Structures are given as C-alpha cells and as structure tokens.
Amino acid sequence: PSVGTGKKAVHVGALFPMSGGWPGGQACLPAVRMALEDINNRRDILPDYELRLIHHDSKVREGMGCDPGQATKYLYELLYNDPIKIILMPGCSSVSTLVAEAARMWNLIVLSYGSSSPALSNRQRFPTFFRTHPPATLPNPTLDDLDQRVKEAGLEITFRQSFFSDPAAPVRNLKVYKEKLYGKKYVWFLIGWYADNWFRIKDPAINCTEAEMAEAVEGHVTTEIVMLNPENTRSISNMTSQEFIEKLQKRLGKNPEETGGFQEAPLAYDAIWALALALNKTSAELVKKGLRLEDFNYNNKNITDEIYRALNSSAFEGVSGHVVFDASGSRMAWTLIEQLQGGVYKKIGYYDSTKDNLSWYNNDKWIGGAPPADYTKVITTFRFLSQKLFISVSVLASLGILLAIICLAFNIYNGHVRYIQNSQPYLNNMTAVGCTLALAAVFPLGLDGYHIGPGLFPFVCQARLWLLGLGFSLAYGSMFTKIWWVHTVFTKKEEKKEKRKTLEPWKLYATVGLLVGLDVVTLIIWQIVDPLHRTIEVGQCWGGVLAMWGSLFDHPWLFPPPGIFYGFKGLLLLLGIFLAYETKSVSTEKINDHRAVGMAIYNVAVLCLITAPVTMILSSQQDAAFAFASLAVVFSSYITLVVLFVPKMRRLITRGEWQSEQQDTMKTGSSTNNNEEEKSRLLEKENRELEKIIAEKEERVSELRQQLQDRQQLQSRRRSSNPSHEADNHFSPGLSTAPAPPAPFYQPNLPLVRCLVSEQADKLGRGNCDGSRVHLLYK
C-alpha cells in the first residue's frame, strides 16, 4: 500500500532477538532502523518504494531469541498474517537453518546478518540463502585439508581432540601449560571473538593460576572476521565506519561492550543496504518485463529469481567493509589477525579473501626473537663418525699392532729352539703379519668426509679392502694350512700315513701362497671391473636435519667379484671350524700348537660370520657399523696373537728351554739340524731298510730249506732201491755210516736286529745284541 510519502511499502520479515541472546537485538535492531532511515531518505535508491520492518513481539525473554522452536512459531505468524513479506531476515545460525530450508516453499529470499555456521553454505539445501556475516571457516581456509597438508609436510599429529557440542572436556584434555606446549617452538591459533581479558578470568574448573595462563597464551595469534571497515573510507551510505559507530553509540546511549550484538551491528546495517540495492536493481529489471515489486506473492517465482540474481551480483562498500557474496551466498570479508603481546592484543595484519591480499604491519613479536618455522626446514648435512669412537678403536688397533710386532720378533729370535721349530714358525710369522695388516685396516675403515675429501675416497676404500683381504688370507690362511695338514695326516688310513708324514715344509708355504694369490687375483679383477667408489645415501629426517652418508660400494653381494670374494671367505671359515673339530683329540709333535690354532679358528670364524651380516644391516648407522666391524677385527686379532704366542712365551720363560738348547749346541758344536727329531727320522729310515733286507734273507732261507728237503727225499729213495750196494760200502758192520744231518742255517731274530737299529741301543747294552750276526746277514 501507499504510505504518506506517496511510496509503496516493501515489507521485510525479521526473526532475530530483540532483548538478548546472540547476536542480540540490542544493537542490531537500532542498526537496521538506521539503515532503513538512510535508505528511505535517498532519492536514488528505491524512489517509488519504502522499506518497512515487520518483526515478532519484542517481549521475548532473555536467551529465547535463538530458539528454533520459537522461530518456527514466529515464522508462520509472519507468513500467514498480512502484509506479504518480500524477504526474511533471521539472526542466529540455528534460526537461519530452519528458515532458509523452509523458505523455498514460499519462494522467499533469506538474508541473515549474524549466521556463521559453515553448514549454511550448502546451496542445494539452502537455495535462496544469503548472509552478510562470513562463515566461521573464513579465517581458517586451510582447516578443510589440514590432514593432507600435514602429511605432505612430513609432520605427525600426536594428539587430536574434537567435539560436537560441549568443547570443555576436549579442551581440558589438551593441558597446554602442564605439557609445556608453549614457548618459542609453538604458536597457538585461537578464535578471536573472546573478550580481551578472557585468560585472566578465574575459573575454578581450570587448575592454572593467572600467571600460568598468561605465560601459556603469550604470543598466540587470533583470527577474527572483520565486522567494521578498518580503513577510513566512505561507504555506500556516505559514512565512514567510525562515523557509523559514533552515530550508533548516540542512538544506544550506553557502553558498547554492555550492548548485545554490538560487533554484528555493522553487518546488520550493510544487510539492509544489500537488500535495498538488490531491490532497486530488481525493480528496474521488472519494469522491462511489465512487472512491479508489488506484484510479488508467495507463488511468484519469477520475481524471486530476479531478487536472487541481484543479490548474488551485489558488490559495494559498506561500513563493515567490501560487501560481496560467493557462489554459496556467503559474505567474503576481511580477516583480522591479532597477537597477544605482553598481555595485550595487538593488530598485526588483515587478510582480504576477495583479493587474496595480506596487509602486514610488521609489528609481530615472537618468543625467542623469531617465529617458529611454518614448515619443516630440511638441512642437508653429512653424518660423520664419532671421533671419540674412532680414536678409542684406533688406540686398541695400535696396541694390537705393537703386540703383533712383539710376537713376530719373539718367534724369529727363538726360531732355533726345538719347541718353536715344532710349531712351524714360518707359518706363525705369517699369522703375525696378517694380524698386523688386519689391524692396520681399522684406520682407513674409520676415515670419512670429516678427514678426507671426495677425491680420496676411492683410494681409502681400496686400502680398506686390500688390507682386510690380505690380512685375513695371511693370518687365517696360515692357521688353516696347519689344521688342514694335521687333519690330512692323522685322520687317514694307516697305509697312507707313512706317505703323508714326510710332507715337506714348502708344501705348507705353497698352500698359504695359493690362498693369498687367489685374493690378489680377485681384488685386481674387482678393482678393474667395478672399482669401489663413494655413494651418497639419503637417510631419515630428525628435527629438520636430513642425514646423508657415504657408503663403500653399491650392492656388494650382487656383482661377481665381491660375491666370489666373500663367498670363498665364508666357505673357508666353515671348513676351518670343521677341521678344528675333527682334529681336537689329535696329538702330534710335528705341529705342537695345532690345538691353539683350532681355538683361534673357532673365535675368528664366529666373529667373522656374525660381523658380516650385522654390518650390512647396520650400514645406515655409521657409528654402530664401524664399532661392530672394527672391534671384530681387533678382538679376533688379539685372540689369535694371545692364543698362539703367549703360551710359547710362558713356556720358554718358565722352563728356560731356549737356554738349555743354546748350551747343548755350543758344547757339541753341531748344527740345529742334528736335533733329536732328525736323528729319529734317520733311524726310522735305516730301520725300514734293514727290515727290507731281513725280508729278502728270510725268503732266501726258505728257498734253501726247500732245496735241502728235496735232496734228502731223493737220497732216501735211492737207498731203498739199492740196499746191497749200500751195505758193501760199509767199512764195518758195527759202525753207522749214515751221513750226519747238515748244520741248520741261521734263522734271523728280528728283535735282535731291531735292537741294533733302535734308538735305545745304548740303554739295552752291547751284551744283548750280537754284532757278528749282523755281518752274516749282510753277507
């Protein structure tokens, strides 16, 4: 209907609290009325119409203005009572949800100034809903994909709390201060619509003092939707934001902090302006179609569509800032960023989501002088070997080399002693040299980028391999050769022992040389075909530090030379254990230390077989890998030297055998080759020759006996065939003329011969042996 000014009235149905609740009508209703007055006094906006506000009874008790049940009642009162409302204006999110979902049934546009629920951005559920209050998600655009961003950054969420209604319990579980989750390493982002002194208000449910709360929240950042234009620019109403606040305060006549909905008042003011501008644009479009705003009814969808298009394309400067709606009908506004500095909130910047523009004041202050990193800083660095560990192991290796030199010198100096000679001293010398080379490999094994440059890595890697390979072949190969010879001689059949007992020493040395030669050939082929080089491996990230280290070579078990090298060593170790076990009960003077050699083989084999796979597993941990490998080399070398040489030193020192051997040599003037073992060997050889001669003589005696027996039988047959002739030949019948039996041949007595050639002849005495009979045998 026409009003007193000659204009037609356009009615707006309001469903927002008048006397309390959030957002309260105490400030919003006066702001709406201010907007209606300013618009109705303008001649350029809706010149033919006047906006009027129709709202429910203002006698709503405190807190009921956001009740959906009450809102439903008032909604039907507005719809089924004249006059017809062209638009609905709810306040709270709970009321807007109900009204906006039902408004489609009456073809009504819904415009809210105080609804922040993100659920209202659903265009399919709320097709005609607009709001000048930005959604609550506007200050936090990254929250929706926070989990994905956290995963991409390589971070881990250690604690998560969520809630649907009451946030008290989840927030209480965080225990920020008690868990020390504050300080220079943390930044807390909180909502910004709390009172400035919220952390100072005493709450009996919180087990923190005011000082502890202040310490915990110091430096935190708040994000809050800008509801008042921070710039001193004039809006569509020709007022600045400060002029609007002053005018509103005069109308209210009381402290803004005590007035409900004061913060949302600029949004309510701009909501009326957005409606007026949209209706003004709609009116112009309807004239082209021969329609007018007064033709609107709840069944006319065409006019509703025109209003929808006009609101959707709104863009103007209001007292709350730039007003524009996105595709879901939500306000795109600025975000205020504040920081608590010294217990007081300071504005540190603004963010304009419409232009993706950040205005930063550079007045932020951080605990520790700098803000924590907002992403994981990756600092690429090399992991070096612990120098304390390297020095400690190097000292042990140096002492081991000194021990090996002492053992070698001892063995060479006492090489003439019979007890030392019976232990194959040249092989023991090789063992000492091999231990020295293996211990020397510990030094290049601990060299890394901390000591040498990248260009020296190939040489260091080769030195490690050659020292370890040759040291192992000399030390273990000489022990293996001893145990192999003992097993070959004393575990064979009796008829083969005699052939093996005369094994010359050069065969032992040739065996060691063969093992060393195989290593040299393999290492040369390896170095030519696939030389060792440094490779960079990227490790895990600890505290933003990306660890990298250099390895000796790539895939050492896959390429043929390394596989043959390590496979042969492993088989040699297993065979050495078997031979040591087989010969554990053998006793021989040829190699008098073979049991000690077996014990050393056990220790070396076990350490090597354990160290090789464990070192491969620990290759990414340089300290553990070096400690395991180097200590295995050191301990195996120490055990070998102690087991082989210390008993010899102890025996010679306690018994003084090297002194008696020297005295005997000086008295007799004989060389060391005329020792008791050489005499025994010569006597055994002579004994075998004599036994051979005796066997020939016995065979000759047997032949003569057979000839004598044949002759006697022949004579007996002749006598029986010519008895008369035999009687004539007798000189006297009373005398027997039968021939006397021949004298028996000497039958050799083997014990007597052995007595003559045995090494105990002096003890038995000359009276027990007849030397004349020996001459008869030779004859």
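Select Leu46 to begin: this residue sits in the loop between α1 and β2 (49–55). In this predicted model, Leu46 has a positive phi of about 45° although it is not a glycine. Most residues other than glycine have a negative phi, and most peptide bonds are trans. Leu46 is also buried, with a relative accessible area of 2%.

Move next to Asn107, in the loop between α3 (93–102) and β4 (109–112). Here too the residue is not a glycine, yet phi is positive, at about 55°. Asn107 is buried, with a relative accessible area of 16%.

To complete the backbone stops, select Asp82 and Pro83. The peptide bond that leads from Asp82 to Pro83 is cis, its omega being near 0°. Pro83 belongs to the loop between α2 (68–79) and β3 (85–90).

**The chain as a whole**

Now display the full chain as a cartoon. The protein chain comprises 25 helices and 15 strands. Of its 779 residues, 39% count as buried. Among contacts in the protein chain with a separation of 6 or more, 68% are accounted for by residues 24 or more positions apart.

For one pair that is distant in sequence, select Lys185 and Ala373. These residues are 188 residues apart along the chain, and their C-alpha atoms are separated by 8.5 Å. Lys185 lies in the loop between α5 (168–174) and β6 (189–191), and Lys185 is exposed, with a relative accessible area of 69%.

**Salt bridges**

Side chains of opposite charge can pair when their charged atoms come close. A search of the whole structure finds 14 salt bridges; the following stops visit some of them.

Select Lys247 and Asp38, whose side chains meet in a salt bridge with an N to O distance of 3.5 Å. Lys247 is in helix α7 (residues 241–252) and Asp38 is in helix α1 (residues 25–40), so the pair ties together parts that are 209 residues apart in sequence. Lys247 is partly exposed, with a relative accessible area of 33%, whereas Asp38 is buried, with a value of 17%.

Proceed to Arg42 and Asp44. Their side chains form a salt bridge, at 3.0 Å from N to O. Arg42 is partly exposed at a relative accessible area of 23%, and Asp44 is partly exposed at 48%.

Then select Asp295 together with Arg292. The closest N and O atoms of this salt bridge are 3.9 Å apart. Asp295 is partly exposed, with a relative accessible area of 27%; Arg292 is partly exposed as well, with 45%. Add Lys289, Glu306 and Arg309 to the selection: salt bridges that share partners join these three residues into one network.

**A buried charge without a partner**

Select Glu338, which lies in strand β10 (residues 334–341). Which side chain of opposite charge is nearest to Glu338? That side chain is Lys347, 5.6 Å away, and Glu338 is buried yet has no salt bridge. A salt bridge requires the side-chain nitrogen to be within 4 Å of a carboxyl oxygen. To inspect the surroundings, show the residues that Glu338 touches, leaving aside those up to four places away in sequence: His220, Val221, Thr222, Glu224, Tyr345, Lys346, Lys347 and Ile348.

**A helix pair**

Two packed helices are described by the angle between their axes and the distance between the axes. For the last stop, select helix α18 (residues 594–617) and helix α19 (residues 622–655), which pack at an angle of about 175° with their axes 9 Å apart. Such an angle makes α18 roughly antiparallel to α19, because angles over 145 degrees count as roughly antiparallel.

Show the side chains of the contact. On α18 they belong to Ala596, Val597, Met599, Ala600, Asn603, Val604, Leu607, Ile610, Thr611, Val614 and Thr615. On α19 they belong to Ala625, Phe628, Ala629, Ala632, Phe635, Ser636, Ile639, Thr640, Val643 and Leu644. Colour this selection by residue class: how many residues of the contact of α18 with α19 are nonpolar, polar or charged? The contact divides into 16 nonpolar and 5 polar residues, with no charged residue.

Definitions and conventions. Residues numbered from 1 in each chain as written. Predicted model: local features only at pLDDT ≥ 70, side-chain atom pairs only at ≥ 80, totals over all residues. Heavy atoms only, no water. Helix = DSSP H or I, 4+ residues; strand = E, 2+ residues; numbered from the N terminus. Buried < 20%, exposed > 50% of the residue type's maximum accessible area, 1.4 Å probe, protein only. Lys, Arg positive; Asp, Glu negative; His and termini not counted. Contact = heavy atoms within 4.5 Å. Axes fitted to C-alpha atoms, helices over the stretch in contact; angles between N-to-C directions. Parallel < 35°, antiparallel > 145°, perpendicular 65-115°, else oblique. Nonpolar A, V, L, I, M, F, W, Y, C, P; charged D, E, K, R; others polar.
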